[in-house]
Amino acid sequence: MTEVTRKRPEFRNINAFSDLTTYRMTPAAWVSILHRASGGLMFLLLPLIVWLFDVSVSSEISFAGFTSAFSAGVGFVPGWLFKLVVLAIIWAYLHHLLAGVRHVYMDATHKVSKEFGKSTALATLVLSIGLTAVLGAKLFGLY
Amino acid sequence: MAVNYGTQRVTPGAHFGTRDWLAQRITATLLTLFTLLVIAEVVFSTGPIGYESWAAIFAPQWMKALTLAVFVSLGYHVWVGMRNIWMDYVKPPGIRLGLHVFTIVWLVACMGWAVQVLWRI
């Protein structure tokens, strides 16, 4: 063991406020944590996703309920909030998919240079947020 | 210490995650291809996009079978992912076990519902 490796600092009991805020978040780090966050979000919203599938394919009548959830809302949830939640699912799916493709591509081709990691991480963030903005504008009727 | 890697490794009931690692990528690839297929079906459908054209995508028997395979893949994919999250952040064994059980029940319940919907079309 060399002198340098033996003296590496060890962090235990990481404090969420004093330690986590000092981390240098590179684009790849953002893609990584958002990959996990988007996956967890979709896991929690899974019943809503199955419900959307249910009402959209079951019958003409249920399909009308599906579309009215976006315009008039459903239950105590107003339409705009419903659209916002669906937009969050859209973002989560896009980010998770694109980050996953980046992951599998790196595994398959062994393209793991520092520069490649940074450029593809930026591409993932720009594409997922950009596509979410485009679809969100459509969802909220801006075009 | 004796060699504990390669063919000499001692593995008392443990696996090294390679199976889950590979399964995660295979199921992810299937989910990506299915996503592209559904998008293509919507884009190339004739007439206005409404109930008829949307439900028609899932009507053929081959699509039902494929969608079922995708549901199962999704369930396994989410299980591996959520288990990783719990293992990283939750240390007390009792709470972790409870969250694992919750994850399985949540996923199986959603999958059962989705399968029922699929064969209602």
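This is a short dialogue on reading the contact between chain A and chain B in a predicted model.

Colleague: Where do I start with an interface?

Modeller: The size of an interface is often given as the accessible area lost when the parts come together. Here chain A and chain B bury about 2,400 Å² between them. Carbon and sulfur atoms give 71% of that area.

Colleague: Which three residues supply the most of the area that chain A buries against chain B?

Modeller: Arg36(A), Phe43(A) and Phe53(A). They supply 30% of chain A's buried area, more than any other three residues.

Colleague: How many residues does each chain bring to the contact?

Modeller: Chain A brings 24 residues and chain B brings 30.

Colleague: Next, charges. What is the general idea?

Modeller: Side chains of opposite charge can pair when their charged atoms come close. In this model, three salt bridges run between chain A and chain B. The count over all chains is four.

Colleague: Which residues does Arg36(A) meet in a salt bridge?

Modeller: Arg36(A) pairs with Asp88(B), with N to O at 2.7 Å. The pair joins two chains, because Arg36(A) sits in helix α2 of chain A and Asp88(B) in helix α3 (residues 61–89) of chain B.

Colleague: And what does Arg120(B) form a salt bridge with?

Modeller: Asp54(A). The closest N and O atoms are 2.8 Å apart.

Colleague: How many residue pairs are in polar contact between chain A and chain B?

Modeller: The count is 12, taking pairs with both residues at pLDDT 80 or more.

Colleague: Which elements give two or more residues to chain A's side?

Modeller: In chain A, these are α2 (27–44), α3 (46–57), α4 (60–71) and α5 (79–109). The largest share comes from α3(A), with eight residues. By class, the side of chain A that touches chain B has 14 nonpolar, six polar and four charged residues.

Colleague: Now pockets. What is the volume of the second largest pocket?

Modeller: About 240 Å³.

Colleague: Which residues line the second largest pocket?

Modeller: From chain A, Ile14(A), Leu20(A), Tyr23(A), Met25(A) and Ile33(A). From chain B, Asp88(B), Tyr89(B) and Lys91(B). The lining has six nonpolar, no polar and two charged residues. Asp88(B) is one of the lining residues, and Asp88(B) also forms the salt bridge with Arg36(A).

Methods:
Residues numbered from 1 in each chain as written. Chains lettered and ligands numbered in written order. Predicted model: local features only at pLDDT ≥ 70, side-chain atom pairs only at ≥ 80, totals over all residues. Heavy atoms only, no water. Contact = heavy atoms within 4.5 Å. Buried area = accessible area lost by both parts, 1.4 Å probe. Salt bridge = Lys/Arg side-chain N within 4 Å of Asp/Glu carboxyl O. Polar contact = N/O pair within 3.5 Å; in protein donor to acceptor, adjacent residues only side chain to side chain. Helix = DSSP H or I, 4+ residues; strand = E, 2+ residues; numbered from the N terminus. Nonpolar A, V, L, I, M, F, W, Y, C, P; charged D, E, K, R; others polar. 1 Å grid on protein atoms, 1.4 Å probe; cavity = no way out; pocket = protein on both sides within 12 Å on 5 of 7 lines; lining within 4 Å. Points joined across faces, edges and corners; volume = space filled by probe spheres on them.
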